[in-house]
Amino acid sequence: MANFTLNGKAVSLEVDPQTPLLWVLREHLGLTGTKFGCGIAQCGACTVHLNGTAARTCVLPVLAAEGGDIVTIEGLAENDDHPLQQAWIEEQVPQCGYCQSGQIMQAADFLKNTPDPTDEQVTAAMAGNLCRCMAYVRIHRAVKRAATIASERATSQVNGQQTDATATTAGVGIFDPRATAGTVSHSAVEETSHGKV
Ligand code: FES
Ligand code: FES
């Protein structure tokens with residue numbers, strides 16, 4: 001029996017605990033975005049996140065993921081709009097596409113910990129993910145672009161929040177004497193009326 005969270009959902013299935021996680025994801029659970037490349041932890045095609053860190057599932061027995069939190073390319077972003085996915089489209093990265101899920105999952109872990117990477121850092125972080133189509137230049141460019149997209153999104157989110165806060169403050173802070181006058185006047189009328197009655 002194996003139990004873990006997969007892309008935010010609890011999963012429980014009968015399987016030999018020594019089965020590589022990649023087999024479980026692809027064959028048992030039908031998530032074929034993660035690919036089999038070398039089978040010996042050398043190419044990165046099978047990369048997913050296990051407890052927030054990039055892991056190579058071709059050599060990882062499902063037992064090692066027991067109780068863990070797994071994210072595959074299918075669950076990287078709710079609307080497939082992760083900065084890396086956007087950058088990958090902008091830069092038209094894939095050739096055959098086979099290595100690309102692993103590349104993106106590796107890059108996602110890297111950017112989480114290094115949000116403003118240098119060229120050298122990108123090269124070092126992505127060096128273990130092989131691409132038989134030699135799309136390395138575009139992969140590199142897209143990782144850098146994703147860092148910029150993430151930073152722009154964070155800035156616009158902060159600005160949006162500031163705008164909201166300003167609007168709220170302005171709404172609360174505006175003193176409208178007419179409104180007060182109206183209230184006073186209304187109350188006064190009521191009091192007067194009551195007084196009369
Ligand atoms: S298939 Fe896992 S690293 Fe190549
Ligand atoms: S795009 Fe073909 S292997 Fe990388």
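**Close-up 1. The second largest pocket of the predicted model and its lining.** In this predicted model, the second largest pocket has a volume of about 160 Å³. Its lining is made up of 14 residues, and those closest to the centre of the pocket are Tyr98, Cys99, Leu130, Cys131 and Arg132. Sorted by character, the lining of the second largest pocket comprises nine nonpolar residues, four polar residues and one charged residue.

**Close-up 2. The largest pocket and the elements that line it.** The largest pocket holds about 230 Å³ of space. It is lined by 14 residues, among which His82, Ala108, Asp109, Leu111 and Lys112 lie nearest the centre of the pocket. Two or more residues of this lining are given by each of the elements α3 (100-113) and α5 (136-173). By character, the lining of the largest pocket divides into eight nonpolar residues, four polar residues and two charged residues.

**Close-up 3. Strand β1 and the alternation of its side chains.** Strand β1 covers residues 2-6, and its side chains alternate between two faces. Ala2, Phe4 and Leu6 point to one face and are buried, whereas Asn3 and Thr5 point to the other face and are not buried.

**Close-up 4. The strand partners of β1.** With strand β2 (residues 9-13), strand β1 pairs in the antiparallel sense, and five bridges join the two. Within this pairing, Leu6 stands opposite Lys9 in β2. The hairpin formed by β1 and β2 has two residues between the strands, and Asn7 takes a positive phi near 50° there. With strand β5 (residues 69-71), by contrast, strand β1 pairs in the parallel sense over two bridges, and Thr5 stands opposite Asp69 in β5. Thr5 thus appears both among the side chains of β1 that are not buried and as the residue placed opposite Asp69.

**Close-up 5. Thr47 in strand β3 and its surroundings.** Thr47 belongs to strand β3, which covers residues 47-50. Thr47 counts as buried because its relative accessible area is 2%, where the cut-off for a buried residue is under 20%. The side chain of Thr47 reaches the backbone oxygen of Gly44 at a distance of 2.7 Å. When neighbours within four places in sequence are left aside, the residues in contact with Thr47 are Thr34, Ala54, Ala55, Arg56, Gly102, Met105, Gln106 and Asn129.

Definitions and conventions:
Residues are numbered from 1 along each chain as its sequence is written. Chains are lettered from A and ligands numbered from 1 in the order in which they are written. This is a predicted model: local features need pLDDT of at least 70, side-chain atom pairs count only at pLDDT 80 or more; totals for chains, interfaces and linings use all residues. Side-chain values use heavy atoms; hydrogens and water are left out. Buried means under 20% relative accessible area, exposed over 50%, partly exposed in between (1.4 Å probe, protein chains only). Helices (H or I, at least four residues) and strands (E, at least two) are DSSP runs, numbered from the N terminus. Two strands pair if DSSP finds at least two bridges between them. On a 1 Å grid over the protein atoms alone, a cavity is a set of points where a 1.4 Å probe fits but cannot get out, and a pocket is an open set with protein on both sides within 12 Å along at least five of seven lines; lining residues have an atom within 4 Å of a point. Grid points are joined across faces, edges and corners, and a volume is the space filled by probe spheres set on the points. Ala, Val, Leu, Ile, Met, Phe, Trp, Tyr, Cys and Pro count as nonpolar, Asp, Glu, Lys and Arg as charged, and the others, Gly among them, as polar. A polar contact is a pair of N or O atoms within 3.5 Å; within protein, one must be able to donate a hydrogen and the other to accept it, and residues adjacent in sequence count only if both atoms are side-chain atoms. Contact means heavy atoms within 4.5 Å.
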